[in-house]
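Student: I have a structure to work through today. Can we take it step by step?

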Protein chains: 2
Amino acid sequence: MSENKGLLDIRKMRILQAIVDDYIMTAAPVGSRTVSKRSDMGLSPATIRNEMSDLTELGFLEQPHTSAGRIPSEKAYRLYVNHLMDSAKLTDDEADYIKKHLDTRVHEVSEVIRQTARVISDMTNYTSMVMVPQFSALKVKRVTLIPVSEGSAMAVVVTNTGVTKNAMIRIPEALSPEDIEKLSKLITQKLDGHKLNEAVESVLPQIRAEIGEQADAVCEMIEDIERSMSETNVEVVGASNILDYPEYSDAAKARQFLTEVETGSYLQKVLAESSDVEMSVRIGTENDNPEMQDCSVVTVTYKAGGKNIGTMGVVGPTRMDYGKVMAVLKYMSSSLSEILSKLLK
Amino acid sequence: MSENKGLLDIRKMRILQAIVDDYIMTAAPVGSRTVSKRSDMGLSPATIRNEMSDLTELGFLEQPHTSAGRIPSEKAYRLYVNHLMDSAKLTDDEADYIKKHLDTRVHEVSEVIRQTARVISDMTNYTSMVMVPQFSALKVKRVTLIPVSEGSAMAVVVTNTGVTKNAMIRIPEALSPEDIEKLSKLITQKLDGHKLNEAVESVLPQIRAEIGEQADAVCEMIEDIERSMSETNVEVVGASNILDYPEYSDAAKARQFLTEVETGSYLQKVLAESSDVEMSVRIGTENDNPEMQDCSVVTVTYKAGGKNIGTMGVVGPTRMDYGKVMAVLKYMSSSLSEILSKLLK
DNA sequence: GTTAGCACTCGAAAGGGATGAGTGCTAACA
DNA sequence: TGTTAGCACTCATCCCTTTCGAGTGCTAAC
């Protein structure tokens, strides 16, 4: 038996690939006849049957019941994604579609993010999610405080890449507008060129050392700003697409999926965890959220100015068109990176 | 026949009420026996049958087929909402629930809105939507421009109520930070005390008259600000609740509803249109969006400082628990109004 | 005007083949 | 030794029929 990837001989791999491909398209158990016809290997159904029997024993296939075909196990999807998938390229039509629907003239980050999510969801027909650029990882250029009412102000942070974000923070009461302006300048000066998340550790002690009396108030404000800014925000689009797939024809299951997606906490967590790998795939029970264990989540990162600044991805049934999803995500990652790189400088 | 509301005698009204009440709870056609038992009118099923037959002829009831019970028509719901509904009050438990889940310490408007939407959706088990306070109807107190990059700046508008909002706008290129600061002050001075939406009409001509050369640029910026600010934003929560109702057990129908809700444009339109009536109810085909014609939408307005500043509501199946929804919305309207009134000054 | 009685309707649920896709095994073939 | 044809067997699905019962409408009596 000629080994390959230390797992299966080539013929078994090809058969498994054919089965997964077919199952992804039809959602129906695949029989030996179908495989024999579709995979142009010139093998009879009987031979395929023997191989399928082996694959079942090895844990790559499952049988809903004796007289049905086989469906891929999670292990099969894993193998499929790692080794045997046609890593599809987008057709010209698809690339055109994206170009047409990504309006590069838009100049607001949140708008670009929304569009991106929309396009991913439309192209894949799954649920897409795009994290807005990670803020506290960017270098601060300017911080402006705008008095709003006694005790509160709006802090607007501008980074060197031009991304801005704002949040309400508490400020000491009884500050005159001039004091506030001074504070703005002071904080800007202290944070300039630092990343927000690092600043809290590196700059705060400095400030405490340098400035005497007001230090505490200033430090608290900076911490407050950092806290508000590091809230990750995720745009989720196309949740209802899940209803197109027969595995979610059961209302209770669909409901569970949609509720989980609406709260978004798990998706947010996945995006955050995947922020340092170019592409990640979580299949079924590889998700540690029990509500999502018959879903798969694929993520990619995107960059601006050469640095990863965010993650985006797709959630759908485990029977997902991984090839297409990964192709779309790759394409969108570079599109978005390009747009943001231009936009943010 | 003793007339009432110029439409139906009292007995018919009570019977209709019993039918609607029952149908709202069970979603199953209501038979004469049930009505006879549940409405304590001491009438036999046969009598009820005669009345129901009349009500059918009058267009208040419909018969799915001969041997089923009756279900209320839209006309019946309309009558029910207008005249015969028990305008339920919340139980103490419910009021407690709301108090517990509305964290009054939160000091960010968008957070309050999100909570409100969450609570409405949880209490009614329908889909809730809450419009963030209408911005351009508030009086401007200060406008700050923060340079972001060549040609663009972030405009932050603070109103006299303390609500703030910000948006990226285009600015003339080649402005120094000092110029921008001057512009901030100029615009603040011009807009101070005016409502944004009125300012465009009343203040712009003034500016054009007073300032010579730079007028065009300034006016454009103000218009740009107004445009960005008047975008209404709606928080929608609990869309997946719809899957709990048997009328949406059909995946295609559910999908249609969810897609419509996700885009949100119709809901946004309804909220906007209803911003001047304390409470509005749109039943079924009273919605002009064909996709929503078997839904009902109930809205209420909320205030701050005595003025309407926003609308919120609930979407659900026409067979909706109008009594409860309206009670919850009323309660939430006054809660939110109170919180915002405090929060915004 | 109200009610009991009764025949009638018709959807929903339950039962019961027939169908056919698919399997596993065996025996023959190259 | 690997491949294949043949065949008996399995079992979900489809479709048809029957049964069941909730509910109606009508009539006649109270």
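Tutor: Start with a definition: a residue is near a strand if one of its heavy atoms lies within 4 Å of that strand. Keep in mind that this is a predicted model.

Student: Which residues are the closest to DNA strand D?
Tutor: Apply the cut-off of 4 Å. The residues that surround DNA strand D then number 21. The closest are A:Arg11, A:Thr47, A:Ser67, B:Ser32 and B:Arg49.

Student: What share of the atoms of DNA strand D within 4 Å of the protein belongs to sugar or phosphate?
Tutor: Split those atoms into two groups. Bases hold one part, and sugar or phosphate holds the other. The sugar or phosphate share is 72%.

Student: Which residue has a side-chain N or O atom 2.9 Å from a base nitrogen of DNA strand D?
Tutor: Sort the contacts by the part of the strand they reach. The side chain of A:Ser67 has an N or O atom 3.0 Å from a sugar or linking oxygen. A backbone N or O atom of B:Ser67 lies 3.3 Å from a sugar or linking oxygen. The base nitrogen is 2.9 Å from a side-chain atom of B:Arg49.

Student: Which element gives the most to the surface near DNA strand D?
Tutor: Two helices each supply at least two residues there: α3 of chain A and α3 of chain B. One of them gives four residues, the most to this surface. That element is α3(A).

Student: How many residues of the surface near DNA strand D are polar?
Tutor: Sort the residues by class. Four are nonpolar and four are charged. The polar ones number 13.

Student: Now the other strand. Which residues are the closest to DNA strand C?
Tutor: Here too, count the residues around the strand. DNA strand C is surrounded by 21 residues. The closest are A:Ser32, A:Arg49, B:Arg11, B:Thr47 and B:Ser67.

Student: Which residue has a polar side-chain atom 3.3 Å from a base oxygen of DNA strand C?
Tutor: Set aside the sugar contacts. A:Gln63 uses a polar side-chain atom, 3.4 Å from a sugar or linking oxygen. A:Ala68 uses a backbone N or O atom, also 3.4 Å from a sugar or linking oxygen. The base oxygen is reached by B:Arg49.

Student: Which element gives the most to the surface near DNA strand C?
Tutor: The elements giving two or more residues are α3 (45–57) of chain A and α3 (45–57) of chain B. The top contribution is four residues. It comes from α3(B).

Student: How are chain A and chain B related?
Tutor: Lay chain A on chain B. A turn of 180° and a shift of 0.1 Å along the axis do it, with an RMSD of 0.1 Å. The two copies are thus related as by a two-fold rotation axis.

Student: Why do the copies meet through the same surface?
Tutor: Look at who takes part. The contact takes 33 residues from chain A and 33 residues from chain B. The copies share one surface because the interface residues of chain A are also interface residues in chain B, to the extent of 100%.

Student: What area is buried between chain A and chain B?
Tutor: Ask first which atoms contribute. Carbon and sulfur atoms give 52% of the buried area. The area is about 2900 Å².

Student: Which residue forms a salt bridge with B:Asp244?
Tutor: Side chains of opposite charge can pair when their charged atoms come close. Across the interface of chain A and chain B there are three salt bridges. In one of them the closest N and O atoms are 2.3 Å apart. The partner of B:Asp244 is A:Arg255.

Student: What separates A:Arg227 and A:Asp224 along their helix?
Tutor: These two form a salt bridge, with the closest N and O atoms 3.4 Å apart. They are three residues apart in helix α9 (residues 215–229) of chain A, so the separation is about one helical turn.

Technical notes. Residues numbered from 1 in each chain as written. Chains lettered and ligands numbered in written order. Predicted model: local features only at pLDDT ≥ 70, side-chain atom pairs only at ≥ 80, totals over all residues. Heavy atoms only, no water. Least-squares fit on C-alpha atoms with pLDDT ≥ 70 in both. Contact = heavy atoms within 4.5 Å. Polar contact = N/O pair within 3.5 Å; in protein donor to acceptor, adjacent residues only side chain to side chain. Nonpolar A, V, L, I, M, F, W, Y, C, P; charged D, E, K, R; others polar. Buried area = accessible area lost by both parts, 1.4 Å probe. Salt bridge = Lys/Arg side-chain N within 4 Å of Asp/Glu carboxyl O.
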